[in-house]
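This briefing introduces a protein structure to a reader who has not met it before. Please look over the sequence and the model before turning to the points below.

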Amino acid sequence: MAATNRLGCYSDPADHYCHRVRLVLAEKGVSVDIVDVEAGQCPVALAEVNPYASVPTLVDRDLALYEPGVILEYLEERYPHPPLLPVYPVARANTRLLAHRIQRDWCSLADRILDQRVAEAQRAQARKELRESLIGVSPIFAEKPYFMSDEISLVDCCLLPILWRLPRLGIELPRAAKPLLDYMERNFAREAFQASLSAVERNMR
């Protein structure tokens with residue numbers, strides 16, 4: 001990545017962790033150079049700034065960050081407007097806890113489904129668990145325009161990339177999950193969400 005005052009982001013165009021970073025960047029309107037890195041590939045420039053050669057990796061001049069959660073927190077502090085975390089400490093802590101639960105309860109299942117090294121029986125079980133869990137929590141999405149919030153937050157930025165991938169995960173939600181389906185339709189149409197999509201992701205639906 002050439003030296004520049006612009007942010008740079010090494011990103012796998014198919015990876016949901018990279019997608020969440022691109023979504024936060026888009027929500028905040030940050031100008032960024034996205035460098036697509038296909039799975040299993042590692043540009044020399046990436047290896048030079050990240051000892052793990054992993055994505056997403058965010059480069060801001062002499063700073064390189066390569067853990068999704070750390071990247072999101074940095075972007076929130078570096079570009080505070082519009083905010084994606086509440087102002088008050090208790091609300092901020094609750095938002096972080098929700099993001100942690102999404103990671104533990106849903107992202108981990110999605111990762112198992114997408115991992116071709118995992119036995120098909122285990123992937124099928126993870127698919128069943130994720131589908132049932134999403135259906136079970138669907139009524140919550142009827143209460144507010146975003147996930148348990150009146151404003152979009154980092155929680156939505158972690159969740160929406162998973163929901164966008166439901167067809168790829170082999171999951172179809174029933175009409176009974178209408179509040180969740182409405183939430184998806186409403187937020188997938190957001191300008192920032194559309195701007196965050198890679199060409200690979202656009203072909204997932």
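The notes that follow are grouped by topic.

The structure is a predicted model. According to an unreviewed UniProt entry, residues 88–205 carry the annotation "domain: GST C-terminal". The points below treat that span, one strand with its partners, three charged residues, and some backbone features.

**The annotated span**

- The span of residues 88–205 is 68% helix and 0% strand.
- The C-alpha atoms at the two ends of residues 88–205 are 37 Å apart.

**Helix α8**

- Helix α8 comprises residues 178–188, and Leu180, Tyr183, Met184, Asn187 and Phe188 are buried in it.
- These buried residues lie on the same side of α8, because they cover an arc of only 115 degrees around the axis.
- In general, an α-helix has 3.6 residues a turn, so residues three or four places apart point the same way.
- The packing partners of the buried residues of α8 are α5 (120–137), α6 (154–164), α7 (166–169) and α9 (191–196).

**Strand β1 and its partners**

- Strand β1 is formed by residues 7–11, and 5 of its 5 residues are buried.
- Leu7, Cys9 and Ser11 are buried on one side of β1, while Gly8 and Tyr10 are buried on the other, with the result that both faces are covered.
- In a regular strand, side chains alternate between the two faces of the sheet.
- Strand β2 (residues 32–36) runs parallel to β1 and is joined to β1 by 5 bridges.
- Strand β3 (residues 57–60) runs antiparallel to β1, with 3 bridges between the two.
- Tyrosine 10 stands opposite valine 35 in β2 and opposite threonine 57 in β3.
- Helix α1 (residues 16–27) belongs with β1 and β2 to a right-handed β-α-β unit.

**Arginine 22**

- Arginine 22 is part of helix α1.
- The relative accessible area of arginine 22 is 7%, under the 20% cut-off, and the residue is therefore buried.
- The side chains of arginine 22 and glutamate 201 are joined by a polar contact of 2.8 Å.
- The side chain of arginine 22 also reaches the backbone oxygen of aspartate 12, at 3.4 Å.
- Neighbours within four places in sequence aside, the contacts of arginine 22 include Pro13, Asp15, Ile34, Ser196, Leu197 and Ser198.

**Aspartate 60**

- Aspartate 60 is a residue of strand β3.
- Aspartate 60 is buried, because its relative accessible area is 6%.
- A polar contact of 2.9 Å links the side chain of aspartate 60 to that of arginine 78.
- When residues up to four places away in sequence are not counted, aspartate 60 touches Leu7, Tyr74 and Arg78.
- Aspartate 60 and alanine 121 are separated by 61 residues in sequence and by 42 Å in space, C-alpha to C-alpha.

**Arginine 190**

- Arginine 190 is located in the loop between α8 and α9.
- With a relative accessible area of 24%, arginine 190 is partly exposed.
- Beyond its neighbours within four places in sequence, arginine 190 is in contact with Glu27, Tyr146 and Ile152.
- Arginine 190 and isoleucine 152 are 38 residues apart in sequence, and their C-alpha atoms are 11 Å apart in space.

**Backbone features**

- Most residues other than glycine have a negative phi, and most peptide bonds are trans.
- Valine 55 and proline 56 are joined by a cis peptide bond, with omega about 0 degrees; proline 56 lies in the loop between α2 (44–49) and β3.
- Histidine 81 and proline 82 are likewise joined by a cis peptide bond, with omega about -5 degrees; proline 82 lies in the loop between α3 (68–78) and α4 (89–114).
- Alanine 53 is not a glycine, yet has a positive phi of about 50 degrees.
- Alanine 53 sits in the loop between α2 and β3 and is partly exposed, with a relative accessible area of 28%.
- Methionine 148 also has a positive phi, near 55 degrees.
- Methionine 148 sits in the loop between α5 and α6 and is partly exposed, with a relative accessible area of 47%.

Terms used. Residues numbered from 1 in each chain as written. Predicted model: local features only at pLDDT ≥ 70, side-chain atom pairs only at ≥ 80, totals over all residues. Heavy atoms only, no water. UniProt positions renumbered as here; feature names shortened; annotations may be inferred. Helix = DSSP H or I, 4+ residues; strand = E, 2+ residues; numbered from the N terminus. Buried < 20%, exposed > 50% of the residue type's maximum accessible area, 1.4 Å probe, protein only. Arc of directions from axis to C-beta. Contact = heavy atoms within 4.5 Å. Pairing = 2+ DSSP bridges. Right-handed = clockwise from strand over helix to strand, strands pointing away. Polar contact = N/O pair within 3.5 Å; in protein donor to acceptor, adjacent residues only side chain to side chain.
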